[in-house]
Amino acid sequence: MPGDDGADGNADADGDAHGTFSLRGVGKRHGDTVALDAVDLEIATGRTTALIGPSGAGKSTLLRMMVGLDWPDTGVVRFDGAPLRHGDLPAHRRRIGYMIQEGGLFPHLTAADNATLLARTLRWDAARIAARLDALVALVQLPADALRRYPAELSGGQRQRVGLVRALMLDPPVLLLDEPLGALDPIIRHELQGQMRDLFAQLRRTVVLVTHDVAEAAYLAETLVLLRAGRIVQQGAPRALRDAPAEPFVQRFMTAQRSLADA
Ligand SMILES: Nc1ncnc2c1ncn2[C@@H]1O[C@H](COP(=O)(O)OP(=O)(O)O)[C@@H](O)[C@H]1O
Ligand SMILES: [Mg+2]
């Protein structure tokens, strides 16, 4: 099967696969709109994959299916070999840290309570929660007073950083992040890109992130998956998409962003 290159190290020493996704023939419609059209995709463990593509290409839909927030009309989503089922979602979501595109914070909870909700549900002790929160707040450079505020009282960039803290809180083996840096101002975004790359490299987590910034995708991810109109147009290393585009659209997409050199 095309794209089914399978055995590239999805297993550890005892032969179990951890943090892998396998999508087969995944399709989704919203009325007349085809959000995803028979997508086959393998996400390997311990690697960073970036879903890229124009607005409306189906990137968020694909990520939401891995979280279990959307369900395919056709096909199947497997995590570590087992099809996702509604009944398994609470356990699934303890193994993944996820951040949906709008941040997905609960409006009636403060930033701190949003970030620590799952840890409290799991009865982590207060000192452990406080230490973890401190470390993550420092990592994402969230001002301390922001923690006491409600989402409506935060800037878009601050909400996004709270969402990121929440996703990282349990130190999960899998991170699914939808435009995690999209609303940040350029300086913080640049710094966080560096920190996230270090973090992903250290943790060897399975990371799937959505971005429509090609430079950010190439900087953070080993594998790019370029979507258009609900289909995967090309996937591979950033250099492969740049140097061996499968069709003219790939080349246009990979080179469409300006830098100061073009000014
Ligand atoms: N809940 C929804 N209702 C109707 N259409 C939707 C819904 N969610 C997504 N779509 C449509 O599905 C397509 C893919 O959307 P999405 O996955 O959000 O794209 P992307 O994240 O790449 O911008 C778009 O045409 C979008 O308008
Ligand atoms: Mg989206």
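Trainee: In this predicted model, which residue of strand 8 stands opposite leucine 51?

Mentor: Good place to start! Strand 3 (residues 48-52) and strand 8 pair in the parallel sense, over 4 bridges. Leucine 51 has its opposite number in strand 8, and that residue is valine 210.

Trainee: Which residue of strand 8 is the bridge partner of aspartate 178?

Mentor: Here we turn to strand 7 (residues 174-178), which pairs with strand 8 in the parallel sense over 5 bridges. The bridge partner of aspartate 178 in strand 8 is valine 210.

Trainee: What is the handedness of the crossover from strand 7 to strand 8, left-handed or right-handed?

Mentor: Follow the chain with your finger: after strand 7 the path runs through helix 6 and then arrives at strand 8. That makes a β-α-β crossover, and its hand is right-handed.

Trainee: How many residues of strand 8 are buried?

Mentor: Look at the two sides of the strand in turn. Thr206, Val208 and Val210 point one way, while Val207 and Leu209 point the other way, and all are buried. Strand 8 (residues 206-210) is thus mostly covered, and the count of buried residues is 5 of 5.

Trainee: How many residues of helix 1 are buried?

Mentor: The buried ones are Lys59, Ser60, Thr61, Leu62, Leu63, Met65, Met66 and Val67. Helix 1 (residues 59-67) is therefore largely enclosed by the rest of the structure, with a buried count of 8 of the 9 residues.

Trainee: Which residue takes a positive phi just after helix 1?

Mentor: Step just past the end of helix 1 and check the backbone angle there. Phi is positive, at about 85°, and the residue is glycine 68.

Trainee: Now for charges: how many salt bridges does the structure hold?

Mentor: Side chains of opposite charge can pair when their charged atoms come close. One example is arginine 149 with aspartate 145, where the closest N and O atoms are 2.6 Å apart. Across the structure, the number of salt bridges is 11.

Trainee: Is arginine 149 buried or partly exposed, and what is its relative accessibility?

Mentor: Buried would need a value under 20%. Its partner aspartate 145 is partly exposed at 34%. Arginine 149 also counts as partly exposed, with a relative accessibility of 24%.

Trainee: How far apart in sequence are the parts tied together by aspartate 37 and arginine 231?

Mentor: The two side chains meet in a salt bridge, at 3.0 Å from N to O. Aspartate 37 belongs to strand 2 (residues 33-43) and arginine 231 to strand 10 (residues 231-236), so the parts that this pair ties together have a sequence separation of 194 residues.

Trainee: Which helices are tied together by arginine 189 and glutamate 216?

Mentor: Their side chains meet in a salt bridge, 2.9 Å from N to O. The pair ties together parts 27 residues apart in sequence, because arginine 189 lies in helix 6 (residues 186-203) and glutamate 216 in helix 7 (residues 214-220); the answer is helix 6 and helix 7.

Trainee: Which residues are joined into one network with Arg189?

Mentor: Arginine 189 is buried at 16% relative accessible area, and glutamate 216 is buried at 3%. Salt bridges that share partners join Arg189 into one network with Asp213 and Glu216.

Trainee: How many aromatic pairs does the structure hold?

Mentor: Phenylalanine 249 and phenylalanine 253 form a tilted pair, 6.0 Å centre to centre with 40° between the planes. These two residues are 4 apart in helix 9 (residues 248-255), so about one helical turn separates them. The total number of aromatic pairs is 2.

Trainee: What is the angle between the planes of phenylalanine 21 and phenylalanine 79?

Mentor: This pair links distant parts of the chain, with phenylalanine 21 in strand 1 (residues 21-30) and phenylalanine 79 in strand 4 (residues 74-79). Phenylalanine 21 is buried at 1% relative accessibility, and phenylalanine 79 is buried at 5%. The rings are tilted, 4.8 Å centre to centre, and the angle between their planes is 50°.

Trainee: Last one: over the ring of which residue does the charged end of arginine 228 sit?

Mentor: A similar arrangement involves arginine 128, whose charged end sits over the ring of tryptophan 124, 3.6 Å from its centre. For arginine 228, the charged end is 4.2 Å from the ring centre, and the ring belongs to phenylalanine 249.

Note on methods: Residues numbered from 1 in each chain as written. Chains lettered and ligands numbered in written order. Predicted model: local features only at pLDDT ≥ 70, side-chain atom pairs only at ≥ 80, totals over all residues. Heavy atoms only, no water. Salt bridge = Lys/Arg side-chain N within 4 Å of Asp/Glu carboxyl O. Buried < 20%, exposed > 50% of the residue type's maximum accessible area, 1.4 Å probe, protein only. Phe/Tyr/Trp six-rings, centres within 6.5 Å; stacked < 30°, edge-to-face > 60°. Lys NZ or Arg CZ within 6 Å of the ring centre and 35° of its normal. Pairing = 2+ DSSP bridges. Right-handed = clockwise from strand over helix to strand, strands pointing away.
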